[in-house]
Structure formats: C-alpha cells, structure tokens
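Visitor: I am new to this structure. Please take me through one part of it closely, and keep it brisk.

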Amino acid sequence: MVFVSRSNGVIDSVFEQLQEGRAEEFLSEDDPAVVAFLNAPPKVTSVSARQFRLQLRRAKLLDQVKAWVAQQDGETQDAFEYSGTFVKDSPMMTAGFVAMGFTQQQIDEFFSAAASL
C-alpha cells in the first residue's frame, strides 16, 4: 500500500508513508492509477543538438526552421547554431514552436522522438 498525492485528479507523487496535508490517500500498489504513474515514461526536457537537428530533418522541418532562425536576432541565430543542448521550455524554443503552430502535445512528441535518436 502507498500514499499518493494528486494534481487535478491525477497522481503526481507516491510515498511509502503518510504525508500529512500532502499525500493522505491510501491505495494498493497494484491500483491501475498507481501502476500507470510508476510506469510512465520520463518527461523529456532537453535533447542534444545532434538529436534536435536529426529530428528536424526526419520531420522535414530543418529548412523551415533555418529560415525562421535567419529572420531572428543574432543571439537566437547563435543559440541555434552553437548550442550543445536544446531545452524544451527555453524562450527561443517556445517562440520557434509557436511560430510553427505547434501544440504543446506536438512539442512533447517532437522532444520525445528526438530523445530516442
């Protein structure tokens, strides 16, 4: 048996002991919601430049992104060209994905696919 806390009805933490005021709901370890939480894939928050560019190429977005970057300020251009890591929630990433019309789910899927490369 485990204690869980929830956010918007979804389990966000699991504990072995009662966490007063935080995790007071007691569930079996084989409860489907507990199993789903414990087996969820890790959230990808960043990928290497190689992974990011390969995913852009596979998604046939590389030329479109390069064209967008070329219209941005020098710092954005340098960040795209020389960053070793691309962080999903960085201002440059957010602006680029918004400009391309990506939903949050599409961004998550893009980074998950890139992380697998």
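Visitor: At what angle do H3 and H4 pack, and how far apart are their axes? Please start there, then take a close look at helix H5.

Guide: A word first: this is a predicted model.

H3 and H4 pack at an angle of about 145 degrees. Their axes are 9 Å apart. From H3, the residues Val65, Lys66, Trp68, Val69 and Ala70 take part. They meet Thr76, Gln77 and Phe80 in H4. By class, this contact has five nonpolar, two polar and one charged residues.

Keep Trp68, Thr76 and Phe80 in mind, since Met92 touches each of them. Met92 lies in helix H5, which runs over residues 91-99. Its contacts, leaving out residues up to four places away in sequence, are Trp68, Thr76, Ala79, Phe80 and Phe86. Take Ala79 as one case. Met92 and Ala79 are 13 residues apart in sequence. In space, their C-alpha atoms are 8.3 Å apart.

Is Met92 buried or exposed? Met92 has a relative accessible area of 17%. The cut-off for buried is under 20%, so Met92 counts as buried.

Now widen the view to the whole of H5. Its buried residues are Met92, Met93, Gly96 and Phe97. They cover an arc of only 120 degrees around the axis, so they sit on the same side of H5. There is a general rule behind such patterns. An α-helix has 3.6 residues a turn, so residues three or four places apart point the same way.

What does the buried side pack against? Three of the partners come before H5 as helices: H2 (49-58), H3 (62-70) and H4 (74-82). Strand S5 (85-87) is another partner, and helix H6 (104-115) is one as well. The face turned away from the buried side carries the exposed residues Pro91 and Val98. Just after H5 comes Gly101, with a positive phi of about 80 degrees.

Two other residues have a positive phi without being glycine. One is Asn8, with phi near 55 degrees. Asn8 sits in the loop between strand S1 (2-7) and strand S2 (10-15). Its relative accessible area is 80%, so Asn8 is exposed. The other is Lys60, with phi near 60 degrees. Lys60 is found in the loop between H2 and H3. Its relative accessible area is 74%, so Lys60 is exposed too.

Last, step back to the protein as a whole. The secondary structure comes to six helices and five strands. Along the sequence they follow the pattern β-β-β-α-β-α-α-α-β-α-α. The C-alpha trace spans about 55 × 25 × 25 Å along the principal axes. The radius of gyration is 19 Å, while a compact globule of 117 residues would have one near 13 Å. Buried residues make up 31% of the 117 residues. The protein exposes about 7800 Å², and carbon and sulfur atoms supply 50% of that area. Among contacts with a separation of 6 or more, 50% join residues 24 or more positions apart.

Key
Residues numbered from 1 in each chain as written. Predicted model: local features only at pLDDT ≥ 70, side-chain atom pairs only at ≥ 80, totals over all residues. Heavy atoms only, no water. Helix = DSSP H or I, 4+ residues; strand = E, 2+ residues; numbered from the N terminus. Buried < 20%, exposed > 50% of the residue type's maximum accessible area, 1.4 Å probe, protein only. Contact = heavy atoms within 4.5 Å. Arc of directions from axis to C-beta. Axes fitted to C-alpha atoms, helices over the stretch in contact; angles between N-to-C directions. Nonpolar A, V, L, I, M, F, W, Y, C, P; charged D, E, K, R; others polar. Rg over C-alpha atoms; globule rule 2.2 N^0.38 Å. Areas by Shrake-Rupley, 256 points an atom, 1.4 Å probe, with all protein chains shown as cover.
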